[in-house]
Amino acid sequence: MFVTDPIADMLTRLRNAISAKHKTVEVPASKEKLEIVKILLEEGYIVEYKLVDAGAFKNIVITIKYDENGQSVIQGLKRISKPGLRIYSDKDNLPKVISGLGIAIISTSKGIVTDKVARSLNVGGEVLAYVW
């Protein structure tokens with residue numbers, strides 16, 4: 001299956017798995033998606049991830065984190081920059097998600113980082129997604 005926006009596909013799979021209360025979700029692997037999943041793990045939005053072989057390709061199996069009430073830690077996922085409309089932000093205008101309670105995932109010249117890390121590195125870049 002050919003996907004024109006792999007990051008949006010991954011976020012949609014995560015969103016659907018959360019709404020269906022699944023424990024894990026499997027997405028096709030790429031370097032960019034792996035960096036985003038690492039950020040989600042570091043920020044405490046997921047429990048763990050594993051790379052598994054799926055024939056000629058690899059998949060990322062993401063274990064979703066739920067609280068004691070059965071609610072997902074991830075309340076929302078939103079793709080910002082799309083293939084048809086790229087959204088960039090300079091170092092002075094980096095977005096804050098829900099007044100700093102969420103994270104913005106930014107693709108910079110220093111790699112894919114959160115908005116907080118981009119501020120500390122004093123770089124801007126393409127705003128990939130919001131997570132809260």
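Guide: A residue is called buried when its relative accessible area is under 20%, exposed when that area is over 50%, and partly exposed in between. Keep in mind that the model we are reading is predicted. Asp-115, with a relative accessible area of 2%, is therefore buried.

Visitor: With which residue does Asp-115 form a salt bridge?

Guide: The general idea is that side chains of opposite charge can pair when their charged atoms come close. Here the partner of Asp-115 is Arg-119, and the closest N and O atoms of this salt bridge are 3.3 Å apart. Unlike the buried Asp-115, Arg-119 counts as partly exposed, because its relative accessibility is 31%.

Visitor: How many residues apart are Asp-115 and Arg-119 in helix α3?

Guide: An α-helix has 3.6 residues a turn, so residues three or four places apart point the same way. Asp-115 and Arg-119 are four residues apart in helix α3, which covers residues 115-121, and so about one helical turn separates them. A pair in helix α1 can be read in the same manner: Arg-13 and Asp-9 are four residues apart there, about one turn of the helix, and they form a salt bridge whose closest N and O atoms are 3.1 Å apart. Arg-13 is partly exposed at 28% relative accessibility, whereas Asp-9, at 18%, counts as buried.

Visitor: How many salt bridges are there by this rule?

Guide: The count comes to six. One of them joins Asp-5 and Arg-79, with their closest N and O atoms 3.0 Å apart. Asp-5 lies in the segment before α1 and Arg-79 in strand β4 (residues 77-79), so this pair ties together parts that are 74 residues apart in sequence. Both ends of the pair are buried, Asp-5 at 12% relative accessibility and Arg-79 with a relative accessible area of 10%.

Visitor: What span should the 14 residues of α1 have?

Guide: At 1.5 Å a residue, the expected span is 20 Å, and the end C-alpha atoms of α1 are 20 Å apart, which agrees. The buried residues of this helix are Ile-7, Ala-8, Asp-9, Met-10, Leu-11, Leu-14, Ala-17 and Ile-18, and they pack against β1, α2, β3, β4 and β8. Just after α1, Lys-21 takes a positive phi of about 60 degrees.

Visitor: Which residues does Glu-26 touch, not counting residues up to four places away in sequence?

Guide: Glu-26 lies in strand β1, and, with such sequence neighbours left out, it touches Arg-13, Val-52, Asn-59, Ile-60 and Val-61. With Asn-59 there is also a polar contact of 2.7 Å between the two side chains. Glu-26 is partly exposed, having a relative accessible area of 41%.

Visitor: Where is Lys-58 placed, and in which strand?

Guide: Lys-58 is in strand β3, which covers residues 57-64. At 43% relative accessibility, Lys-58 counts as partly exposed. Not counting residues up to four places away in sequence, Lys-58 touches Pro-28, Ala-29, Leu-51, Val-52 and Asp-53, and a polar contact of 2.9 Å joins the side chains of Lys-58 and Asp-53. Thr-63 is also placed in strand β3, but this residue is buried, with a relative accessible area of 9%. Leaving out residues up to four places away in sequence, Thr-63 touches Lys-23, Thr-24, Ile-46, Val-47 and Glu-48.

Visitor: How far apart in space are Lys-58 and Glu-68, C-alpha to C-alpha?

Guide: Lys-58 and Glu-68 are ten residues apart in sequence, and their C-alpha atoms lie 32 Å apart in space. Glu-26 and Asn-16 are likewise ten residues apart along the chain, and there the C-alpha atoms are separated by 12 Å.

Visitor: Which residues make the nonpolar surface patch of about 310 Å²?

Guide: That patch is made by Ile-98, Leu-101 and Trp-132. Ile-98 is found in the loop between β5 (88-89) and β6 (103-108), and at 43% relative accessibility it counts as partly exposed.

How values were computed. Residues are numbered from 1 along each chain as its sequence is written. This is a predicted model: local features need pLDDT of at least 70, side-chain atom pairs count only at pLDDT 80 or more; totals for chains, interfaces and linings use all residues. Side-chain values use heavy atoms; hydrogens and water are left out. Helices (H or I, at least four residues) and strands (E, at least two) are DSSP runs, numbered from the N terminus. Buried means under 20% relative accessible area, exposed over 50%, partly exposed in between (1.4 Å probe, protein chains only). Contact means heavy atoms within 4.5 Å. A polar contact is a pair of N or O atoms within 3.5 Å; within protein, one must be able to donate a hydrogen and the other to accept it, and residues adjacent in sequence count only if both atoms are side-chain atoms. A salt bridge is a side-chain nitrogen of Lys or Arg within 4 Å of a carboxyl oxygen of Asp or Glu. Patches are made of residues with over 30% relative accessible area and no salt bridge: like charges are joined within 9 Å, nonpolar side chains (Val, Leu, Ile, Met, Phe, Trp, Tyr) within 5 Å. Accessible areas come from the Shrake-Rupley method with a 1.4 Å probe; for residues, only the protein chains shown count as cover. The expected span of a helix is 1.5 Å times one less than its number of residues.
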